Protein chains: 2
Amino acid sequence: MTAETIFVGTEILLGNIVNTNGAYLAGELAKLGIPTYYQSVVGDNKERLSEVFKTSLNRSDVIILSGGLGPTQDDITKETVSEVMGKKLLLDEDSKRRIVDYFEKRGRVMTDNNFKQAMIPEGAKVLDNDNGTAPGVVIEDNGKMVILLPGPPKELSAMFESKVIPLLSAKTGQTFYSSMVKICGRSESEIAEVLDDLINMTGEVTVAPYAKECEVHVRVTASGPDEKSAKKLVKPVVKTIKTRLGNSIYSTEEDMTLEKSVVDLLIANDLTITTVESCTGGLVAGRLINVPGVSDVYKSGYVTYSNKAKRKIVGVKKSTLEKHGAVSHQTVKEMCLGAAFAAKADVSIATSGIAGPDGGTPEKPVGTVFIGCNVCGEVITKEYRFTGNREKIRSFTVSEALVLLRECILKYYGQKTFGGSDNV
Amino acid sequence: MTAETIFVGTEILLGNIVNTNGAYLAGELAKLGIPTYYQSVVGDNKERLSEVFKTSLNRSDVIILSGGLGPTQDDITKETVSEVMGKKLLLDEDSKRRIVDYFEKRGRVMTDNNFKQAMIPEGAKVLDNDNGTAPGVVIEDNGKMVILLPGPPKELSAMFESKVIPLLSAKTGQTFYSSMVKICGRSESEIAEVLDDLINMTGEVTVAPYAKECEVHVRVTASGPDEKSAKKLVKPVVKTIKTRLGNSIYSTEEDMTLEKSVVDLLIANDLTITTVESCTGGLVAGRLINVPGVSDVYKSGYVTYSNKAKRKIVGVKKSTLEKHGAVSHQTVKEMCLGAAFAAKADVSIATSGIAGPDGGTPEKPVGTVFIGCNVCGEVITKEYRFTGNREKIRSFTVSEALVLLRECILKYYGQKTFGGSDNV
């Protein structure tokens with residue numbers, strides 16, 4: 001069984017929006033183990049959509065179309081697909097009622113053109129839209145499954161996850177189970193080497209690494225007649241990966257982030273934290289504070305961009321700045337100790353670097369960054385050399401700061417307190 | 001003349017990467033006035049790429065393929081396209097030398113498979129790659145123009161801008177000229193109303209608005225036999241937009257950002273700035289500090305996430321927090337005055353809000369944010385209600401803080417000092 005996806009919308013062809021639905025559906029179909037060989041984008045044009053759709057019917061078993069289900073004259077996906085498949089459009093009373101309700105609840109005036117969205121191809125299955133007005137549609141005919149989904153990413157993903165995955169799983173006769181192993185502080189090539197045999201395994205379980213900024217995520221997937229048997233195949237492989245990578249793994253939870261794993265570690269060890277940032281200028285704090293509940297551990301932080309601010313606010317010594325410069329092991333050490341003192345925090349993290357485009361020297365070129373981390377008085381400082389533009393260098397610094405934070409807390413408390421160990 | 005784009009790469013079909021090249025090329029072709037009716041994605045598979053490429057040759061005049069030009073056996077774009085078009089691949093000595101140089105300069109060892117990238121279809125034009133090893137290729141045959149570009153976005157965009165745009169302009173016989181008018185502090189629907197007649201103009205000049213976070217960008221495009229005549233058509237339309245939107249326009253420069261326009265205003269008026277952030281926790285500072293040269297105006301800033309930090313670091317009164325709460329006009333007013341005093345800065349910006357998911361009340365639901373801005377002692381505070389998740393609410397707050405900063409500085413100094421007025 002193969003699938004292909006068609007995205008309908010002139011706004012994609014004009015480059016006004018990035019087709020994130022493309023990557024989303026591709027990833028979901030891959031997780032389901034359904035090969036996708038083609039993706040197409042076509043505008044709100046009946047003739048061209050019709051041509052692309054006919055081609056897809058000739059080469060794929062499952063065709064997923066997204067977009068063009070709205071109330072306007074431009075929205076032609078349902079009409080075009082129905083015409084190609086020789087289906088009449090009939091008013092679906094249930095869908096009509098849902099649309100009326102949707103507007104009433106929001107106290108908004110509904111115009112008559114909205115009923116267009118309740119017209120469903122005969123014999124088709126309706127997929128209720130819990131996040132908008134346009135229902136999805138599934139047409140099964142001649143061994144083909146044609147699935148129409150709304151274009152807005154939030155509506156599409158919610159509908160796909162709750163309604164389409166069960167249908168596709170039933171069709172493949174296979175249930176897929178996957179675990180995501182999230183690793184930080186190791187390069188993609190290192191991971192590829194350590195897991196080489198697993199990545200190249202042929203058989204029921206697939207192991208695929210994905211490189212992220214300062215992280216590598218490894219997805220382990222297997223299929224079986226039911227979830228239990230698929231899970232049984234995944235579990236020992238995840239266990240092997242854990243044995244090989246140990247504390248480099250920060251989570252096996254899908255929605256865990258590196259910053260949340262750091263905040264969880266702080267909470268688990270009853271530690272407070274502060275930040276003192278030069279080149280990242282607030283971005284480390286910004287990422288930590290994106291974790292709900294961070295107020296238990298984070299009270300205050302400092303942006304010390306000038307040398308004067310480094311001296312005045314967190315007490316870096318004038319002689320240190322003169323002798324070693326603001327971008328040095330010594331300065332970030334004093335920054336993080338001074339910040340911990342000022343904020344009365346147990347843990348502190350400091351950044352100082354040359355983000356460019358100017359300010360580089362032969363000795364400390366653009367991209368040179370020092371990060372210092374203090375856990376209860378024990379300080380580790382590291383030097384990094386990043387490449388890329390100013391934004392990229394700053395972003396890498398933030399990620400490496402989180403990696404270093406995690407490493408230092410684990411080191412100080414020993415592996416026994418590894419916050420996520422039960423879940424991993 | 002119509003174009004279409006084909007993106008080659010199994011990693012796109014697996015959802016491992018988002019096809020940002022798709023939106024980029026779509027936008028660039030739209031700017032050139034070349035209609036694009038189709039976009040396709042196909043994996044690293046000769047048979048399927050061949051099929052998709054043949055279809056494109058039958059329906060479009062210009063076909064742009066991206067990806068699959070690398071050194072590995074998986075990279076088959078050049079080979080497949082050459083085969084379909086009946087062209088032999090020949091070694092291009094210039095390209096070979098560039099590849100050898102590329103590795104030498106970086107002190108990296110080159111493997112022989114890299115020479116595969118120097119094989120060029122007979123009669124094709126080579127597009128040198130200034131950012132990588134794989135050269136681009138242009139084949140013109142039978143009235144069709146086939147353009148092969150490398151997949152990495154940075155290589156693709158640099159090559160497209162410096163080498164492909166001139167070729168396409170020559171082919172259309174038209175030169176395109178466009179100006180981007182960047183607006184902040186006004187909603188998309190407001191802009192659409194104010195510029196309604198311009199947006200709906202039929203003729204040589206097109207006016208298209210693009211909504212961004214707290215910004216609207218309006219692109220004015222025209223074509224002519226040469227740049228001068230195209231520019232002549234664009235200029236009066238831009239002038240009309242300026243007359244109607246005045247100070248809401250922060251720039252007409254392509255690479256100007258809202259944060260850079262704020263930093264430019266500060267520099268122009270010889271003002272220093274500090275930040276004091278609660279819900280945004282460092283992100284306003286983070287965005288300002290992304291502007292190179294910001295060190296002239298930004299020295300230090302504060303993240304005051306807890307009430308205690310608001311009191312201790314920037315002197316918010318206990319009675320203010322008790323009476324009005326941390327999320328209030330009064331608190332952000334005291335925060336920005338206190339921060340200005342502590343940092344000895346002329347200008348300060350303060351944020352405090354409920355980013356969620358918890359912490360909302362019926363009176364101040366999640367999404368309630370206050371921003372305060374002080375320019376030389378004159379303070380303006382505003383209340384906002386944002387929707388979306390924690391990340392979205394924080395991101396909106398940062399953008400609105402920049403909009404408010406700009407507004408307050410302009411107000412204080414009067415319109416005469418509008419930093420960008422000469423360029424707009």
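Here are legends for a set of close-up views of this predicted two-chain model.

Before you start: residues are counted from 1 along each chain as its sequence is written, and chains are lettered from A, with ligands numbered from 1, in the order in which they are written. Since this is a predicted model, local features need pLDDT of at least 70 and side-chain atom pairs count only at pLDDT 80 or more, while totals for chains, interfaces and linings use all residues.

**View 1. Chain A is split into three domains.**
The assignment gives domain 1 (3–172), domain 2 (175–251) and domain 3 (258–417) of chain A; bounds like these come from an automatic or database domain assignment. Take domain 2 and domain 3 of chain A: their centres, taken over C-alpha atoms, are 31 Å apart. Eight residues of domain 2 of chain A are in contact with 11 residues of domain 3 of chain A (contact means that the C-beta atoms of two residues, placed from the backbone, lie within 7 Å). On the domain 2 side, the touching residues are three nonpolar, three polar and two charged. For that sorting, Ala, Val, Leu, Ile, Met, Phe, Trp, Tyr, Cys and Pro are nonpolar, Asp, Glu, Lys and Arg are charged, and the others, Gly among them, are polar.

**View 2. In domain 2's stretch of chain A, you can find an open sheet of four strands.**
Helices (H or I, at least four residues) and strands (E, at least two) are DSSP runs, numbered from the N terminus. Read across the sheet of chain A and the order is E10-E11-E9-E12, with antiparallel pairing; two strands pair if DSSP finds at least two bridges between them. Which strands stand at the edges? They are E10 and E12 (249–251) of chain A, and each has a single partner strand, so one side of each is left without a neighbour in the sheet. From one strand to the next, the twist averages 30°. Helix H9 (residues 227–245) of chain A packs on this sheet and touches E9 (175–184), E10, E11 and E12 of chain A. The direction of H9 makes about 15° with that of E9(A) (axes are lines fitted to C-alpha atoms, for helices over the stretch in contact, and angles run from 0 to 180 degrees between N-to-C directions).

**View 3. Zoom in on the pair E10(A) and E11(A), and on the loop that links them.**
Eight bridges hold this antiparallel pair, and Tyr210(A) stands opposite His217(A) in E11(A). Cys214(A) sits in the loop between E10 (205–212) and E11 (215–224) of chain A. Its phi is near 60°, a positive value in a residue other than glycine. Most residues other than glycine have a negative phi. Is Cys214(A) buried or exposed? Cys214(A) is partly exposed, with 19 other C-beta atoms within 10 Å. The rule: 20 or more other C-beta atoms within 10 Å make a residue buried, 12 or fewer make it exposed, and anything in between is partly exposed, with C-beta atoms placed from the backbone.

**View 4. Chains A and B meet along a shared interface.**
Here 53 residues of chain B are in contact with 53 residues of chain A. Several elements of chain B give two or more residues to this side, including helix H2 (20–31), strand E14 (300–304) and helix H15 (390–413). The chain B side divides into 25 nonpolar, 21 polar and seven charged residues. Five bridges join E14 of chain A to E14(B), and these strands run antiparallel. In that pairing, Val303(A) has Gly301(B) as its bridge partner.

**View 5. A rotation of 180° superposes chain B on chain A.**
The shift along the axis is 0.4 Å and the RMSD is 0.5 Å, with the copies superposed by least squares on the C-alpha atoms of residues with pLDDT of at least 70 in both. That's the relation of a two-fold axis. In chain B, the C-alpha nearest the axis belongs to Gly282(B), 1.8 Å from it. And 100% of the interface residues of chain B are also interface residues in chain A, so the copies meet through the same surface.

**View 6. Val276(B) is a buried residue in strand E13 (residues 273–277) of chain B.**
It has 33 other C-beta atoms within 10 Å. Leaving aside neighbours within four places in sequence, the contacts of Val276(B) include Gly301(B), Tyr302(B), Val314(B) and Met335(B). Val314(B) is 38 residues away along the chain, yet the two C-alpha atoms are separated by 8.1 Å.
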